[in-house]
Amino acid sequence: MGEADDDTEPPLTVELLADLQAGLLDDDSAARVRQRVRDDPEAEQLLRALNRVRCDVATLGAGPAPDVPPELTTRISAALGSAEAGPPAAHSARPRIRSGRVVAGVAGVCAVLAAVGVGTAALITAPGPAPSTPVTAEHITVSTPPMVIPLSQNEILGLLSQSPDYGPLGDPARRASCLTGLGYPASTQVLGARRVEINARPGVVLVVPGDTPHSLEVYAVALNCNAADTGLLANTQIPRP
């Protein structure tokens with residue numbers, strides 16, 4: 001998509017990304033937003049943050065919703081106000097989501113979810129940062145490998161001609177809910193599937209049509225992937241043969 005096309009698209013705001021995640025956009029709009037998110041690391045970071053919020057809220061949703069303290073509302077309002085205070089640069093072709101806006105946007109979504117009564121106790125009572133501790137050799141040398149699709153491009157393409165192994169997502173309703181959480185219509189055709197492990201975490205690789213006729217989207221999601229929490233482990237895009 002060229003720069004001129006970007007000018008006609010709405011900015012990647014918190015509200016737009018939340019609509020994508022909730023499956024509220026039409027197919028064409030959702031495809032365009034997904035493509036733009038892949039080209040914008042800050043928007044991708046925000047989308048992942050929204051996914052974590054949805055996960056936390058879904059976990060807490062079974063309990064009664066606590067009242068939101070006035071001081072929390074004040075802090076969120078102040079954060080949102082400061083994020084919007086600065087005038088956009090005249091030469092900017094498209095508004096960028098700054099890191100402060102990411103934090104403020106997620107806080108705003110949390111406040112909205114709390115207001116409609118879906119338990120947000122964890123967002124309010126989250127403990128403060130732990131006291132700093134000396135860095136040891138163990139902390140320096142031990143690191144978590146990056147989360148990547150554990151299949152080669154040829155292995156992924158091979159899934160297109162094999163019977164899909166959905167695991168727990170073999171139930172059509174659960175699979176449809178998972179697709180909705182990924183920003184796709186529930187009726188999206190899954191072209192291939194296989195159970196995998198990424199960093200000792202079990203998941204399912206789902207291959208779906210890309211946003212262009214010549215591409216495929218590949219997602220590794222948790223076994224309990226659903227509209228509220230996809231448990232996205234990794235994703236990539238490959239050429240379609």
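Is alanine 200 buried or exposed? Alanine 200 is exposed, with a relative accessible area of 65%. Figure 2 returns to this residue. The model shown here is predicted.

**Figure 1. The whole chain holds 10 helices and 4 strands.**
Start at the N terminus. The order of elements is α-α-α-α-α-α-α-α-α-α-β-β-β-β. The protein has 241 residues, and 34% of them are buried. Consider the contacts with a separation of 6 or more. Of these, 64% join residues 24 or more positions apart.

**Figure 2. Asparagine 199 and alanine 200 both have positive phi.**
Asparagine 199 sits in the loop between β1 (192-198) and β2 (201-209). Its phi is about 50°, although asparagine 199 is not a glycine. Asparagine 199 is partly exposed, because its relative accessible area of 30% falls between the limits of 20% and 50%. Alanine 200 is found in the loop between β1 and β2 as well. Alanine 200 is not a glycine either, yet its phi is positive, at about 70°. With a relative accessible area of 65%, alanine 200 counts as exposed because the cut-off is over 50%.

**Figure 3. Helices α2 and α3 cross at roughly 120°.**
Two packed helices are described by the angle between their axes and the distance between the axes. Here α2 covers residues 14-21 and α3 covers residues 27-38. Their axes come within 10 Å. Oblique is therefore the word for how α2 and α3 lie to each other. The crossing of α2 past α3 is left-handed. Which residues of α2 meet α3? They are Leu16, Leu17 and Leu20. On the α3 side, the partners are Ala30, Val33, Arg34 and Val37. This contact is made of 6 nonpolar residues, 1 charged residue and no polar ones.

**Figure 4. One disulfide joins cysteine 178 to cysteine 225.**
The count for the model is 1 disulfide. The two sulfur atoms are 2.0 Å apart. The torsion about the S-S bond is about 85°, so this disulfide is right-handed. Where do the two cysteines lie? Cysteine 178 belongs to helix α10 (residues 172-181). Cysteine 225 lies in the loop between β3 (215-222) and β4 (234-239). The pair links distant parts of the chain, 47 residues apart. Both cysteine 178 and cysteine 225 are buried.

**Figure 5. Helix α10 has a set of buried residues.**
Cys178 is one of them, alongside Arg175, Ala176, Leu179, Thr180 and Gly181. What covers the buried residues of α10? The cover includes helix α2 and the strands β2 and β3. Glycine 183 follows α10 and has a positive phi, near 95°.

**Figure 6. Leucine 232 lies in the loop between β3 and β4.**
This leucine is partly exposed, with a relative accessible area of 25%. Leucine 232 and valine 221 are 11 residues apart along the chain. Their C-alpha atoms are separated by 4.4 Å. Which residues does leucine 232 contact, leaving aside its neighbours within four places in sequence? Look for Arg48, Leu182, Tyr219, Ala220 and Val221.

Methods
Residues are numbered from 1 along each chain as its sequence is written. This is a predicted model: local features need pLDDT of at least 70, side-chain atom pairs count only at pLDDT 80 or more; totals for chains, interfaces and linings use all residues. Side-chain values use heavy atoms; hydrogens and water are left out. Axes are lines fitted to C-alpha atoms, for helices over the stretch in contact, and angles run from 0 to 180 degrees between N-to-C directions. Angles under 35 degrees count as roughly parallel, over 145 as roughly antiparallel, 65 to 115 as roughly perpendicular and the rest as oblique. A crossing is left-handed if the near helix is turned anticlockwise from the far one by less than a right angle, and right-handed if clockwise. Contact means heavy atoms within 4.5 Å. Ala, Val, Leu, Ile, Met, Phe, Trp, Tyr, Cys and Pro count as nonpolar, Asp, Glu, Lys and Arg as charged, and the others, Gly among them, as polar. A disulfide is a pair of cysteine sulfur atoms within 2.5 Å. Buried means under 20% relative accessible area, exposed over 50%, partly exposed in between (1.4 Å probe, protein chains only).
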